[in-house]
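Good morning, and thank you for coming. Please look at the sequence and the structure as they appear, and then we shall go through some side chains together.

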Amino acid sequence: MRKRTLFRLAAGTATIGAATLAYASLVERNMFTVRRYDVPVLPADAEPLRVLHLSDLHMMPDQARKQRWVASLAALDPDLVVVTGDNMAHPGAVPGVLRALQPLLDYPGAFVFGSNDYTGPVLKNPFTYFLPDREYTEGVELPYEELRQVFTGAGWADLNNARTTLKAGGRQLDLVGVDDPHIDRDDYPAVAGAVSSSADLSIALTHSPEPRVLDQMAADGFGLLLAGHTHGGQVCVPGFGALVTNCGLPRSMARGLHRWPGSDSWLHVSAGLGTHPTAPIRFACPPEASILTLIPR
């Protein structure tokens, strides 16, 4: 009797585990969602400005459903499109990324790259994400210069360790960004400096939301900090949240809108739209794009 009970418990646990894995890999990772946030960063009496924040597409050539869904976001008619990296997951991904983003290239935009824009994914043990000092392993080189030319050719601002001004929604924007801190490509000191007094709005971009970079951006007065990389934890525990962020950011800030500690800046971390191809699952953390409606303070 005891053996039968243990067998039934084991069988039940295995069934639940298999069902959860099937849901995470076949259902939730395709449940593309639009998140909406109001962010009080504009001067008093200013008209709202709508920012579409995209991140972590991790595009494979055959992901037609994701490409169609992202392309449909043009119907949201944003004032500005911001992409915070990890667009590709395959050497042949540029056409797929272009199919997804083509309708959005008609809008003012800005971008930074992530590690998976430079090199492709490699098979790894997912439990290594719990190791803070794990060694980064590079895969095959990806066509990032081709992707850069697509974006800049459409007039989008390349903010990989760069700074510029841009007009969007009738407002003058002071924009800054760094290349991916996750692989030590960032050089914020090269573009640092106080926000322009003539700007109506200031926005800073980074792929990985490393506190050492965010602290510097906030200290310079950038009102809105945008990042991706975390996938929102990708596999979360209901009622507990993300298990890891894969960076120095606290788990409680793995996705969504937060006030950056010790500053007047707001941080938005996108949970992203894709997954690592060798771990194509999401649980309690569906893929997302975000509409940030910037409103008066």
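Which residues in helix 2 are buried? They are Lys66, Gln67, Trp69, Val70 and Ala71, in a helix that covers residues 64–72. Buried here means under 20% relative accessible area, exposed means over 50%, and partly exposed lies in between, with a 1.4 Å probe and protein chains only. Helices (H or I, at least four residues) and strands (E, at least two) are DSSP runs, numbered from the N terminus.

Two remarks on the source are needed. This is a predicted model, in which local features need pLDDT of at least 70 and side-chain atom pairs count only at pLDDT 80 or more, while totals for chains, interfaces and linings use all residues. Residues are numbered from 1 along each chain as its sequence is written, and side-chain values use heavy atoms, with hydrogens and water left out.

To return to helix 2, its buried residues pack against strand 1 (33–42), strand 2 (49–54), helix 3 (94–101) and strand 14 (288–296). Contact means heavy atoms within 4.5 Å.

Next, the aromatic rings. Rings of Phe, Tyr and Trp (its six-membered ring) pair if their centres lie within 6.5 Å; planes under 30 degrees apart count as stacked, over 60 as edge-to-face and the rest as tilted. The whole structure holds six aromatic pairs. One of them, Phe151 with Trp156, is tilted, at 5.2 Å centre to centre and 35° between the planes. Both Phe151 and Trp156 are buried. These two belong to one aromatic cluster with Phe111, Phe113, Tyr118 and Tyr144.

Tyr118 also has a charged partner: the charged end of Arg185 sits over its ring, 3.7 Å from the centre. The rule asks for NZ of Lys or CZ of Arg within 6 Å of the ring centre and within 35 degrees of the ring normal. Arg185 further meets Asp179 in a salt bridge (3.0 Å, N to O), that is, a side-chain nitrogen of Lys or Arg within 4 Å of a carboxyl oxygen of Asp or Glu. Asp179 is buried, at 6%, whereas Arg185 is partly exposed, at 37% relative accessible area.

How many salt bridges are there by this rule? The count is eight. Glu145, Arg148 and Asp158 are linked in a network. Arg148 meets Glu145 at 3.0 Å, N to O, and both lie in helix 5 (residues 144–153), three residues apart. Arg148 also bridges to Asp158, at 2.8 Å between the closest N and O atoms. Asp158 lies in strand 5 (residues 157–158), so this pair ties together parts ten residues apart in sequence.
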